[in-house]
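Open the model in your viewer and set it to cartoon. Keep the selection box at hand for the stops below.

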Amino acid sequence: MTQHQFATEGYAVAPVFDPALVAAAQADIGDQIDRVARALHLPFEHSRPDLPITERLDAIAAAEPAYANLLRLAVLTDAHRGPNLTALAESPELKAIAAGLADRPLGGGVNTVRIRANLARFQQHRHNWHSDVAIDDGTECGRLRITAWIPLMDTGPDTGGLEVATGRHPAPFPHVRASDFHIEDDQIADLPRVQPACPAGSALFLDRFTPHRTLANTGPGRFALVVWMKAA
Ligand SMILES: [Fe+2]
């Protein structure tokens with residue numbers, strides 16, 4: 001069923017990990033914030049180590065937005081190299097499921113891995129409609145085959161999840177270069193849209209040409225580990 005859905009709709013949600021393992025990986029994000037906060041002049045307590053990661057960056061931003069943004073960028077840039085998150089990204093189970101969904105062998109080159117965050121006080125950074133391969137011109141970026149989007153907590157339409165314009169396409173929709181790089185809404189107006197629930201432990205697999213965007217989040221912070229997998 002998952003494989004059929006991916007082949008026809010360009011996305012699928014599948015259980016991959018023990019939810020406890022994914023929740024434990026949240027510690028890598030807290031550790032990253034701790035490490036950067038200790039390197040700065042501002043006293044460490046300003047980084048709100050008393051709070052869980054779901055509240056921490058928004059709470060810092062309420063008092064000190066620039067400081068919170070620096071810590072947020074440190075998470076997005078480098079937190080995925082933490083030991084627990086690395087174990088998730090390199091999981092053989094994850095790769096096996098992705099290889100089963102993709103229509104050609106995976107494993108060429110090094111996968112790109114990053115943390116993505118959807119935080120109430122940083123809504124200007126949500127991603128508009130796009131596909132992960134926007135220009136299929138034979139360059140290295142175009143070798144991306146399938147994306148695994150792995151939320152670190154239960155995520156869905158009301159908790160900062162993704163919206164997907166479903167369908168499997170032979171080429172990307174045109175992207176417009178503006179302040180971001182996005183697909184205009186009218187280009188995909190005819191496609192069915194879904195806002196899948198992704199419980200902790202699941203992964204949302206996306207074909208490289210499937211349009212998706214980040215939904216609004218006014219609640220606790222949502223973090224996801226994203227692995228972009230290339231063709232062999
Ligand atoms: Fe994306």
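**Stop 1: the nonpolar core**

This is a predicted model. Start with its largest nonpolar core, which has 51 residues. Select A98, A148, W149, A203, L204, F205 and L225; these touch the most other members. Next, select strand β10, residues 222-230. Strand β10 gives this core its largest share, 7 residues.

Now centre on L225. Which residues does L225 contact, leaving aside neighbours within four places in sequence? Show H80, L85, L88, A89, I115, I150 and L152.

**Stop 2: strand β8**

Select residues 202-207, which make up strand β8. Is this strand mostly covered or open? Mostly covered: 6 of its 6 residues are buried. Turn on side chains. S202, L204 and L206 point one way. A203, F205 and D207 point the other way, and these are buried too.

Now add the partners. Strand β1, residues 11-15, pairs with β8 in the antiparallel sense over 5 bridges. To find the register, pick P15, which stands opposite S202 of β8. Then select strand β3, residues 144-151. Strands β3 and β8 run antiparallel and are joined by 4 bridges. Here the pair to pick is W149 and L204, which stand opposite each other. Both W149 and L204 are among the core residues that touch the most other members.

**Stop 3: a three-strand sheet**

Move on to the open sheet of 3 strands, in the order β7-β4-β9. Its pairing is antiparallel. Colour β7 (193-194) and β9 (212-214); these stand at the edges. Each has a single partner strand, so one side of each is left without a neighbour in the sheet. Strand β4 covers residues 162-165 and pairs with β7 over 2 bridges, in the antiparallel sense. Which residue of β7 is the bridge partner of V164? Select V194.

For any such pair, switch on the backbone atoms: strands of a sheet pair through backbone hydrogen bonds, either parallel or antiparallel.

**Stop 4: R72**

Finish in helix α4, residues 65-78, and select R72. Is R72 buried or exposed? R72 is buried, because 23 other C-beta atoms lie within 10 Å and the cut-off for buried is 20 or more. Show L57, A117, L119 and F122, which R72 touches when residues up to four places away in sequence are not counted. Last, set a distance label between the C-alpha atoms of R72 and D58. The label should read 9.7 Å, for two residues 14 apart along the chain.

Technical notes
Residues numbered from 1 in each chain as written. Predicted model: local features only at pLDDT ≥ 70, side-chain atom pairs only at ≥ 80, totals over all residues. Pairing = 2+ DSSP bridges. Core = buried A, V, L, I, M, F, W, Y, C linked by C-beta atoms within 7 Å. Buried ≥ 20, exposed ≤ 12 C-beta atoms within 10 Å, placed from the backbone. Contact = placed C-beta atoms within 7 Å.
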